[in-house]
Amino acid sequence: MNDSHILLLGPEAEALAPRLEASGYSCCREPVPAGATPDAVLLSSGDSGRIASLREQWGPIPVLLDVGDDTVEARVHCLSSGADDFWLSSLGPSDLLMRLRLHLDLTSRANVPAQLLQVGDLVLNPSTRQVKRGARPVGLTAREYQLLLLLLERKGTVVSRELILRQVWNDGQDSNSSNSSSNVIEVYVRYLRQKLEEGGERRLIHTIRGQGYCLSERLPQLEARE
């Protein structure tokens with residue numbers, strides 16, 4: 001049994017309540033009680049427009065969106081909407097439960113001591129999971145938050161792609177998947193940079209050729225490119 005609270009939004013998501021509760025989760029629907037914070041949100045496909053407001057309210061908690069059909073277009077829509085992952089209401093709940101467990105595990109492993117992490121004007125508060133660039137709040141997905149947290153914990157040092165895969169994707173990586181895994185990391189680094197530099201701020205995440213990434217206020221004294 002576990003004590004995770006899952007917010008269900010939309011008819012397809014709400015229909016999962018009996019299966020989720022049988023698996024030990026507590027399910028809630030709107031309105032959410034004052035002061036309560038869900039551990040994850042499951043959204044029906046028609047509710048993707050609500051993701052931004054959910055992020056503003058609860059920060060980078062896992063958000064999983066029903067995409068209806070497993071197509072490239074549907075997956076692109078899922079990622080562009082700000083969701084962390086997708087699920088298919090047309091299939092049984094087994095795949096969803098696996099994805100949900102993975103995201104909740106990633107979130108629990110990110111619960112570090114409540115000490116502010118900072119580089120320049122970038123500040124991350126682990127106790128509230130809020131990120132700011134100066135006075136500007138930065139809304140991140142759960143995966144983007146995990147990546148930024150790892151880079152901040154190792155600020156000023158080069159973080160290898162292999163370590164990022166182990167810590168953020170829980171992936172041991174083999175030779176057959178190295179190229180695709182590296183591409184995924186590059187995509188998420190690009191997402192992070194776009195959000196951290198949205199207000200015209202200078203770059204903090206630097207790419208170190210052949211080694212990985214370094215988060216620092218100035219370009220590291222290594223062969224690097226932005």
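# Pockets, salt bridges and burial in a predicted model

The second largest pocket holds about 300 Å³ of space. The structure is a predicted model. Its protein chain has eight helices and 13 strands, and 46% of its 226 residues are buried. The points below start with the pocket, then turn to the cavity, the salt bridges and a few single residues.

**The second largest pocket**

- The lining of the second largest pocket is made up of 18 residues. Those that lie nearest the centre are R55, E56, V138, G139 and L140.
- Two elements, helix 3 (51-58) and strand 8 (130-133), each supply at least two residues of this lining.
- Which element gives the most to the lining of the second largest pocket? Helix 3 does, with four residues.
- By class, the lining of the second largest pocket has eight nonpolar, six polar and four charged residues.

**The largest cavity**

- The structure has one cavity of 30 Å³ or more, and the space in the largest cavity is about 30 Å³.
- Empty space of this kind is found by rolling a probe the size of a water molecule over the atoms.
- The residues that line the largest cavity are W87, L88, L91, G92, D95 and L96.
- Four residues of the cavity lining are nonpolar, one is polar and one is charged.
- D95 appears again below, as a salt-bridge partner of R99.

**The chain as a whole**

- About 11400 Å² of the protein chain is exposed, and carbon and sulfur atoms supply 48% of that area.
- Of the contacts between residues at least 6 apart in sequence, 49% join residues at least 24 apart.

**Salt bridges**

- How many salt bridges does the structure hold? The total is 11, and three of them are described here, beginning with R29 and E14.
- The side chains of R29 and E14 form a salt bridge, at 3.9 Å from N to O. This pair links distant parts of the chain, 15 residues apart: R29 is in the loop between strand 2 (26-28) and strand 3 (40-43), while E14 is in helix 1 (residues 11-14).
- R29 counts as partly exposed because its relative accessibility is 37%, a value between the limits of 20% and 50%. E14 is also partly exposed, at 31% relative accessibility.
- R99 and D95 make a salt bridge whose closest N and O atoms are 2.6 Å apart. Both residues belong to helix 5 (residues 94-109), where they are four residues apart, or about one turn of the helix.
- In an α-helix there are 3.6 residues a turn, so residues three or four places apart point the same way.
- Is R99 buried or exposed? R99 is buried, with a relative accessible area of 18%, and the cut-off for buried is under 20%. Its partner D95 is partly exposed, at 27% relative accessibility.
- A third salt bridge joins R202 and E217, with 3.0 Å between the closest N and O atoms. This pair too links distant parts of the chain, 15 residues apart. R202 sits in the loop between helix 8 (178-196) and strand 11 (205-208), and E217 in the loop between strand 12 (212-215) and strand 13 (224-225).
- R202 is partly exposed, at 47% relative accessibility. E217 is partly exposed as well, with a relative accessible area of 32%.
- D85, D95 and R99 are joined into one network by salt bridges that share partners.

**Residue D3**

- Where does D3 lie? D3 is in the segment before strand 1 (5-9).
- D3 is exposed because its relative accessible area is 63%, and exposed means over 50%.
- In sequence, D3 and S26 are 23 residues apart. In space, their C-alpha atoms are 6.8 Å apart.

**Helix 7 and what follows**

- Which residues of helix 7 (residues 161-168) are buried? They are R161, L163, I164, L165 and V168.
- N170 follows helix 7 and has a positive phi, near 55 degrees.

Technical notes
Residues numbered from 1 in each chain as written. Predicted model: local features only at pLDDT ≥ 70, side-chain atom pairs only at ≥ 80, totals over all residues. Heavy atoms only, no water. 1 Å grid on protein atoms, 1.4 Å probe; cavity = no way out; pocket = protein on both sides within 12 Å on 5 of 7 lines; lining within 4 Å. Points joined across faces, edges and corners; volume = space filled by probe spheres on them. Nonpolar A, V, L, I, M, F, W, Y, C, P; charged D, E, K, R; others polar. Buried < 20%, exposed > 50% of the residue type's maximum accessible area, 1.4 Å probe, protein only. Contact = heavy atoms within 4.5 Å. Areas by Shrake-Rupley, 256 points an atom, 1.4 Å probe, with all protein chains shown as cover. Salt bridge = Lys/Arg side-chain N within 4 Å of Asp/Glu carboxyl O.
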